[in-house]
Amino acid sequence: MQGWDVPGEKIEPTRTVETEKLKTELLTLNMGPQHPATHGVLRVEIKTDSEVVAHAIPHIGYLHRCMEKHSENLDYRGVIPFVDRMDYLGAMNQELGYVLAVEKMLGTQVPRRAEFIRVLVSELQRIASHLMAFGTYALDLGAFSPFLYAFDEREKILRLFEELSGARLLYNYIWVGGVWNDITADQLARVAEFCDNFEEELKKYDVLVSQNKIFMERTRHVGIMDADMCYRYGATGPVLRGAGVKWDLRKVKPYSIYNEFEFDVPVADGDRGATIGDCYSRYIVRMKEMSESVRIIRQVLTKIESGPIMGKVSKVIKLPKGEVFVRTECPRGELGIHLVSDGEAKPYRLKVKSPCFTHVSMLGEVAPGQLIADFVATIGSIDIVLGEVDR
Amino acid sequence: MLNLNDLAQFINSKVPSAAAKVNAAAEAVCDSAIEVAPASILDVAKSLKDNSKYPFNVLQVISGVDYPDHIEVNYMFANFDLNNAYEFTLKTKVKNKNDAKLESISSVYKAADWQERECYDMLGVTFNNHPDHRRILCPDDWEGFPLRKDYVVQKVYRGMEVNPDAKMNWGDREFAKRQEEITKAQTKASKK
């Protein structure tokens with residue numbers, strides 16, 4: 001990378017061959033919409049000078065399903081399955097964010113057991129989502145086997161969720177007032193067993209991928225998004241923490257019962273020769289977050305109380321006239337729900353602030369001067385889910 | 001905790017034309033906001049970013065809401081600082097719905113670039129001096145603004161029929177209609 005003279009926008013292709021003058025110009029190339037490295041239907045229009053990206057313009061909207069418009073015609077409970085389908089890899093966290101917004105306006109008291117189960121499933125979902133990010137990121141960079149290891153563990157979480165909710169990806173499990181189904185002692189024991197195994201697995205991933213020479217060379221000093229850039233674009237989640245900012249809503253502004261648990265907020269510290277804010281930093285933040293999630297889950301398992309799992313909610317939910325903006329920390333960043341009610345049984349307006357939408361908008365600034373292969377590494381490192389970008 | 005009255009006073013002292021006032025929520029559970037005049041939005045954004053008393057370093061989201069007589073554009077600002085974290089919603093009302101115009105603040109907050117594009121795409125608010133003013137989620141030649149309350153889907157797009165009858169799931173529609181009747185009956189019952 002160092003030896004490349006990075007042209008940026010001022011490219012004046014003036015290469016001449018002795019026998020004939022060859023005209024060279026920038027080549028426009030469409031990455032996507034169907035490209036395995038874009039994690040969904042993202043199209044990036046790139047202008048390349050040989051192997052170097054000179055411009056990149058992300059085009060989104062291929063997965064736009066009018067979720068916000070749909071929700072204006074559904075009752076408050078009916079929106080939950082639609083919220084699932086935004087970020088299909090972190091559905092539990094999305095449900096929690098939406099349900100918290102409704103509950104805030106409704107003033108519902110959620111039973112303690114339901115709160116514990118909510119934290120448990122959202123942390124398990126965070127692990128599952130980060131495992132997916134880890135596996136596919138290694139796949140992007142040409143390593144196949146980490147993907148299989150990651151899916152092996154992820155499968156255990158999905159099996160548990162399937163028993164809990166009846167679905168593997170789109171759960172409709174966290175409801176207004178509590179959760180749909182109680183968790184059994186046997187399932188809790190299996191979660192404990194999973195935690196014990198998973199810590200060993202994390203060590204294996206560290207040796208297999210994180211310390212892998214090729215992987216480090218591909219990701220260190222690549223796609224640097226520093227703290228200033230993150231603030232300008234409003235980036236959150238692992239992207240912001242990868243830039244060395246210790247910002248996690250679960251700590252800063254605890255929602256649900258996150259204030260009762262002890263955990264650290266991992267940030268990038270430039271360990272192992274990485275530049276703060278590069279792809280490796282974002283990757284390593286996710287890996288560390290998984291072990292913090294395990295820590296939270298362990299505390300849930302010891303603290304969980306028995307009792308009801310559903311609070312008192314009227315059959316037809318009607319919210320008071322007004323609006324709220326509720327933020328929660330999802331695997332990919334901060335999810336913001338702006339819910340406007342006019343006093344009827346349907347939302348007047350539901351605006352979702354998607355973290356990935358923000359992160360994709362940063363690609364245009366990061367890309368110029370990168371090799372195409374490094375650009376693929378950058379896209380993978382921000383861990384986008386296009387369902388959430390386009391909604 | 002951020003005191004909105006103080007902040008509104010602060011905005012007025014910096015930008016007198018803003019006429020900032022606090023829109024207190026009627027219910028305690030809802031959020032209050034500060035409303036400013038639409039013409040002053042760029043100056044307000046500048047003063048919010050570059051000051052030492054209330055520094056807001058992040059624009060989180062721009063959320064437009066369509067009301068019968070105006071379009072309301074909400075700007076959610078926040079300060080991502082561990083020792084001094086706060087956030088608030090800035091509102092502005094665009095009265096003329098047929099020619100809704102606002103000044104773009106993407107020169108101050110880069111995040112506004114895509115957020116304003118989405119607001120334009122969904123609600124038809126035009127942002128002056130925007131660097132790349134295009135639709136973002138819908139195709140560039142799509143007609144109408146989907147999140148307006150009076151939006152009707154166009155019948156034909158590029159020679160293709162939108163929502164052709166043969167591809168509609170009528171069973172679902174009947175189911176939805178039945179659900180609506182049940183909900184109505186339940187609402188009546190709960191009123192009694």
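## A salt bridge within helix α4

In this predicted model, Glu123(A) and Arg126(A) both belong to helix α4 (residues 112-140) of chain A. The two residues are three residues apart, about one turn of the helix. Their side chains meet in a salt bridge, with a distance of 3.2 Å from N to O.

Both partners are shielded from the surroundings by the criterion of accessible area: Glu123(A) is buried, with a relative accessible area of 0%, and Arg126(A) is buried at 1%. Each counts as buried because the value lies under 20%.

## A network of shared partners

A search of the whole structure finds 48 salt bridges over all chains. The side chains of Glu217(A) and Arg220(A) form a salt bridge of 2.9 Å, N to O. Glu217(A) is partly exposed, at 48% relative accessibility, whereas Arg220(A) counts as buried at 18%.

Some salt bridges share partners and thereby join several residues into one network. This network consists of Glu123(A), Arg126(A), Arg241(A), Asp248(A), Arg250(A), Glu289(A) and Glu329(A).

## A link between distant parts of the chain

Glu68(A) forms a salt bridge with Arg349(A), and their closest N and O atoms are 3.3 Å apart. This pair links distant parts of the chain, since the residues are 281 residues apart. Glu68(A) lies in helix α1 (residues 67-71) of chain A, while Arg349(A) lies in strand β8 (residues 349-353) of chain A.

Are these two partners buried or exposed? Glu68(A) is buried, with a relative accessible area of 5%, and Arg349(A) is buried, with a relative accessible area of 3%.

Terms used:
Residues numbered from 1 in each chain as written. Chains lettered and ligands numbered in written order. Predicted model: local features only at pLDDT ≥ 70, side-chain atom pairs only at ≥ 80, totals over all residues. Heavy atoms only, no water. Salt bridge = Lys/Arg side-chain N within 4 Å of Asp/Glu carboxyl O. Helix = DSSP H or I, 4+ residues; strand = E, 2+ residues; numbered from the N terminus. Buried < 20%, exposed > 50% of the residue type's maximum accessible area, 1.4 Å probe, protein only.
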